[in-house]
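Biologist: Could you walk me through this model, one question at a time?

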Amino acid sequence: MSNRRKQSTTAGIFLCITISTLFLLSSDVSALGVNWGTMATHQLPPKTVVQMLKDNNVKKVKLFDADTNTMVALAGSGIEVMVAIPNDQLKAMGSYNRAKDWVRRNITRFNDDIKIKYVAVGNEPFLTAYNGSFINLTYPALFNIQKALNEAGVGDFIKATVPLNADVYNSPLENPVPSAGSFRQDIFEEMKLIVNFLAHNKAPFTVNIYPFLSLYLSSDFPFDYAFFNGQNTVSDNGVIYTNVFDANFDTLLASLKALGHGDMTVIVGEVGWPTDGDKNANIPNAERFYTGLLPKLAANRGTPMRPGYIEVYLFGFIDEDAKSIAPGNFERHWGIFKYDGQPKFPADLSGAGQKKILTGAQNVQYLQNQWCMLNPDGLTFSNNTNQLGDNVNYACTFSDCTALGYGSSCGNLDEVGNASYAFNMYFQVQNQKAEACDFEGLAIITTRNISREQCNFPIQIGDPTSGHSDHNHRFIGLALVSMLLLFMAL
């Protein structure tokens with residue numbers, strides 16, 4: 001998934017932003033879509049995730065790469081797949097020979113076994129946070145990939161598209177209504193090229209819409225307008241909008257219409273609500289959001305400008321504890337399932353509005369029932385608070401401490417609790433190796449569950465007998481990449 005999400009809000013009302021997956025139909029056919037991201041220190045086996053998709057009647061999945069293990073697990077499943085080319089490969093795809101080779105290795109060799117429907121060329125490449133890094137690389141990559149698909153004989157049923165953040169369009173401050181929408185001026189010519197190319201190839205426009213981010217980015221944003229059962233309404237020349245999702249979607253339609261393609265097929269590549277990492281990112285709000293969204297999609301109500309069916313992918317399927325938190329601490333908590341594949345809250349993916357418990361991952365292996373905590377004795381002989389702070393910072397740099405933030409699930413812990421949480425998260429990422437629970441004598445291992453009220457101190461998934469793994473090396477690399485991206489976004 002991307003490191004994304006800085007999105008301008010039009011007059012604090014209409015623009016929301018980015019991220020991932022769903023799509024439901026009415027009574028005759030169910031066609032649920034979700035985003036399957038893999039930025040995690042300890043991943044569930046791909047076959048386990050595919051079984052979760054099947055068990056929950058998910059018919060479509062959107063990926064963020066074309067990992068061979070993932071693709072092999074999807075083979076024979078009948079699940080419709082959108083594979084992806086990460087942003088860091090867009091430059092290479094500017095070479096047609098490289099694009100042909102990518103299609104051969106990731107599309108045509110799987111074509112008989114996997115129901116590939118789309119190729120996502122990049123992920124939100126025009127995001128303002130990227131400072132234009134991918135603006136000149138995206139269209140050539142899109143052109144070459146679609147050309148390679150056509151040459152391979154699969155272009156009629158596999159289409160290339162570009163998942164874009166909703167920050168690529170807006171309405172002017174002097175007329176902040178959906179019908180006045182247009183694409184950003186700094187990327188207008190590139191967007192015109194892309195839209196015309198998609199239309200010529202009968203490919204969809206893909207957009208990521210995040211009502212949560214409208215709320216997150218503006219303290220003035222009306223809270224209920226982010227949901228589907230609120231009292232806030234906005235009038236656009238007599239057309240009434242009751243939620244920001246509809247307003248945002250129709251702002252895009254107006255932008256497309258201005259380019260002569262108002263009838264273009266639009267896919268919502270990402271939409272969802274996080275459950276931790278911010279005062280508004282919690283399970284009650286996420287449940288409220290999905291309780292409104294899922295029946296709306298299942299009933300094919302559409303939006304004022306486009307009534308009817310909309311293809312949507314929920315973001316996301318499973319939490320990812322190694323994602324960049326440059327956009328916010330909530331980035332690691334978008335899943336409708338926890339890191340271990342267990343459901344967070346009831347959700348009726350059929351859209352019937354019933355409170356159903358989703359089917360979680362089966363036969364999950366966990367590490368041993370042990371935790372790392374602050375050693376009370378260690379703290380007494382070490383009166384150096386800087387030493388404690390330095391060790392906590394180190395632990396959080398190479399693990400996930402986002403639940404400790406203000407308004408988050410563990411945001412009310414005292415100093416001892418904060419330190420223990422940080423130490424334990426690092427200990428779990430390091431597969432419970434004894435040396436990972438030392439911190440200069442400040443920590444000890446305990447077999448007592450030290451979770452507190454609403455704050456869960458998790459045990460990681462993995463082989464409980466191994467005691468070691470290479471997962472930590474992957475996280476260190478991801479942490480360094482995250483810090484680099486944060487620097488780039490400043």
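Here are some questions and answers on the fold, the pocket, a cavity and two residues.

Modeller: A word on ground rules: this is a predicted model, where local features need pLDDT of at least 70 and side-chain atom pairs count only at pLDDT 80 or more, while totals for chains, interfaces and linings use all residues. Residues are numbered from 1 along each chain as its sequence is written, and side-chain values use heavy atoms, with hydrogens and water left out.

Biologist: How many helices and strands does the protein chain have?

Modeller: Helices (H or I, at least four residues) and strands (E, at least two) are DSSP runs, numbered from the N terminus. On that basis, the protein chain comes to 12 helices and 15 strands.

Biologist: Which helix gives the most to the lining of the largest pocket?

Modeller: A pocket is an open set of points on a 1 Å grid over the protein atoms alone, with protein on both sides within 12 Å along at least five of seven lines, and lining residues have an atom within 4 Å of a point. The largest pocket holds about 800 Å³ of space, the volume being what is filled by probe spheres set on grid points joined across faces, edges and corners. Of its 32 lining residues, the closest to the centre are Asp276, His333, Lys338, Ser409 and Asn456. With 4 residues, the top contributor to this lining is helix 11.

Biologist: Why does Asn280 count as buried?

Modeller: Asn280 sits in the loop between strand 12 (266-271) and helix 8 (283-298). Leaving aside neighbours within four places in sequence, Asn280 is in contact (heavy atoms within 4.5 Å) with Phe212, Leu215, Phe223, Trp273 and Asn285. Buried means under 20% relative accessible area, exposed over 50% and partly exposed in between, with a 1.4 Å probe and protein chains only. Asn280 counts as buried because its relative accessibility is 14%.

Biologist: And which backbone nitrogen does the side chain of Asp438 reach?

Modeller: Asp438 is in the loop between helix 11 (415-429) and strand 15 (443-446). Asp438 is partly exposed, at a relative accessible area of 38%. At 3.3 Å, its side chain reaches the backbone nitrogen of Glu440.

Biologist: What is the volume of the second largest cavity?

Modeller: A cavity is a set of grid points where a 1.4 Å probe fits but cannot get out. The structure holds 2 cavities of 30 Å³ or more. For the second largest, the volume is about 50 Å³.

Key: A polar contact is a pair of N or O atoms within 3.5 Å; within protein, one must be able to donate a hydrogen and the other to accept it, and residues adjacent in sequence count only if both atoms are side-chain atoms.
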